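Student: Hey, can we go through a protein structure together? I'd like to learn how to read one.

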Amino acid sequence: TIEMTGAEVGEQAIAIIQRGGLYSMASAVLITLCVFMYIGSLDLIKAMGTVVDKAFGRVKSRPGIILASLISSAFINGFSSNQYATSFIVGTAFGPKYEEAGIPRKVLSRSIEDYGTFIEPMLPWTTTGVYMIGTLGVAYSDYVPYMFLQWANFIIAPLLAITGIGCFYNEAHRTKAEG
């Protein structure tokens, strides 16, 4: 152990402190900044709203809007391999649709998580998929059948959307009436 200002600090703690800090994470920070600039530019030109209107413009029912956001979350995460981008893109694009339909934003947040976050470890080309393959040291095909929570969620989330269970429709109606 090493003594620093009267406290003993272990070798492992010193190694953590001396790894390089923010400078060692420059590539990750740069990628994050680029993702946010990309999302900002999409938002500025209202690209995602236009795409959502073209793809799901005829969908007016509450279950349909929730199902559309589920599918969009999975699709965008599959192509972008970035859950942060998916959250911002889908949240920004579907926010107005949810408000128009009287669906609380927490249902949108849950929908993004249900399909966006849950699909990421199931796709071997995403950062989470690569991490899991590298950490577990097994082939993708060996671990994906055991992702019981993900498989179950891909069935449960649409069922909740279709039945309206846990969609808080009354809460959204009450908020509109109070506002």
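Tutor: Sure, let's take it from the overall layout down to single residues, and keep in mind that this is a predicted model.

Student: Okay, how many helices and strands are there in the protein?

Tutor: You'll find 11 helices and 2 strands. Reading from the N terminus, the order is β-β-α-α-α-α-α-α-α-α-α-α-α.

Student: What percentage of the residues count as buried?

Tutor: Out of 179 residues, 36% count as buried.

Student: And what does the outside look like in terms of atoms?

Tutor: About 11,400 Å² is exposed by the protein, and 67% of that comes from carbon and sulfur atoms.

Student: What about contacts, how far along the chain do they reach?

Tutor: Take the contacts with a separation of 6 or more: 64% of them are between residues 24 or more positions apart.

Student: Let's go inside. How many residues has the largest nonpolar core?

Tutor: That core has 36 residues, and Ile66, Ile89, Phe94, Tyr98 and Ile103 are the ones with the most contacts inside it. At least two core residues come from each of H3, H4, H5 (62-80), H6, H7 and H10 (148-163).

Student: Which helix gives the largest share of this core?

Tutor: H6 does, with 7 residues. As a general point, nonpolar side chains tend to be buried together in soluble globular proteins.

Student: Can we zoom in on Ile66? What does it touch?

Tutor: Leaving out residues up to four places away in sequence, Ile66 touches Tyr98, Ile103, Val107, Ser111, Ala161, Cys167 and Tyr169.

Student: New topic: where is Gln83, and is it buried or exposed?

Tutor: Gln83 sits in helix H6, which covers residues 83-101. Gln83 counts as buried because its relative accessibility is 13%, and the cut-off for buried is under 20%.

Student: Which side chains does the Gln83 side chain make polar contacts with?

Tutor: One polar contact is with the side chain of Asn77, at 2.8 Å. Another joins the side chains of Gln83 and Thr117, at 3.2 Å. Beyond four places in sequence, the residues that Gln83 touches are Asn77, Ile112, Glu113, Gly116, Thr117 and Glu120.

Student: What about charged pairs? How many salt bridges are there in the whole structure?

Tutor: A search of the whole structure turns up 2 salt bridges. One is between the side chains of Arg105 and Glu99, at 2.7 Å from N to O. Arg105 is partly exposed at 43% relative accessible area, and Glu99 is partly exposed at 45%.

Student: And which residues meet in the salt bridge of 3.9 Å?

Tutor: There the side chains of Arg110 and Asp114 meet, 3.9 Å from N to O. Both residues lie in helix H7, 4 residues apart, which is about one turn of the helix.

Student: Are Arg110 and Asp114 buried or partly exposed?

Tutor: Arg110 is partly exposed, with 26% relative accessible area, whereas Asp114 is buried, at 12%.

Student: Let's do a loop. Where does Pro121 lie?

Tutor: Pro121 is in the loop between helix H7 (105-119) and helix H8 (127-136). With a relative accessible area of 7%, Pro121 is buried.

Student: So what is Pro121 in contact with?

Tutor: Setting aside neighbours within four places in sequence, its contacts are Thr128, Gly129, Met132, Tyr140, Tyr143, Met147 and Gln150. You can also compare Pro121 with Val144: they are 23 residues apart in sequence, and their C-alpha atoms are 8.5 Å apart in space.

Student: What's up with the phi of Lys46?

Tutor: Lys46 has a positive phi of about 55°, although it is not a glycine. For background, most residues other than glycine have a negative phi. Lys46 lies in the loop between H3 and helix H4 (47-56), and Lys46 is exposed, at 59% relative accessible area.

Student: Last one: which residues make the nonpolar surface patch?

Tutor: Met25, Val29 and Leu33 make that patch, which is about 250 Å². Val29 belongs to helix H3, residues 26-44, and Val29 counts as partly exposed at 31% relative accessibility.

How values were computed. Residues are numbered from 1 along each chain as its sequence is written. This is a predicted model: local features need pLDDT of at least 70, side-chain atom pairs count only at pLDDT 80 or more; totals for chains, interfaces and linings use all residues. Side-chain values use heavy atoms; hydrogens and water are left out. Patches are made of residues with over 30% relative accessible area and no salt bridge: like charges are joined within 9 Å, nonpolar side chains (Val, Leu, Ile, Met, Phe, Trp, Tyr) within 5 Å. Accessible areas come from the Shrake-Rupley method with a 1.4 Å probe; for residues, only the protein chains shown count as cover. A salt bridge is a side-chain nitrogen of Lys or Arg within 4 Å of a carboxyl oxygen of Asp or Glu. Buried means under 20% relative accessible area, exposed over 50%, partly exposed in between (1.4 Å probe, protein chains only). A polar contact is a pair of N or O atoms within 3.5 Å; within protein, one must be able to donate a hydrogen and the other to accept it, and residues adjacent in sequence count only if both atoms are side-chain atoms. Contact means heavy atoms within 4.5 Å. A nonpolar core is a set of buried Ala, Val, Leu, Ile, Met, Phe, Trp, Tyr and Cys residues joined through side-chain atoms within 4.5 Å.
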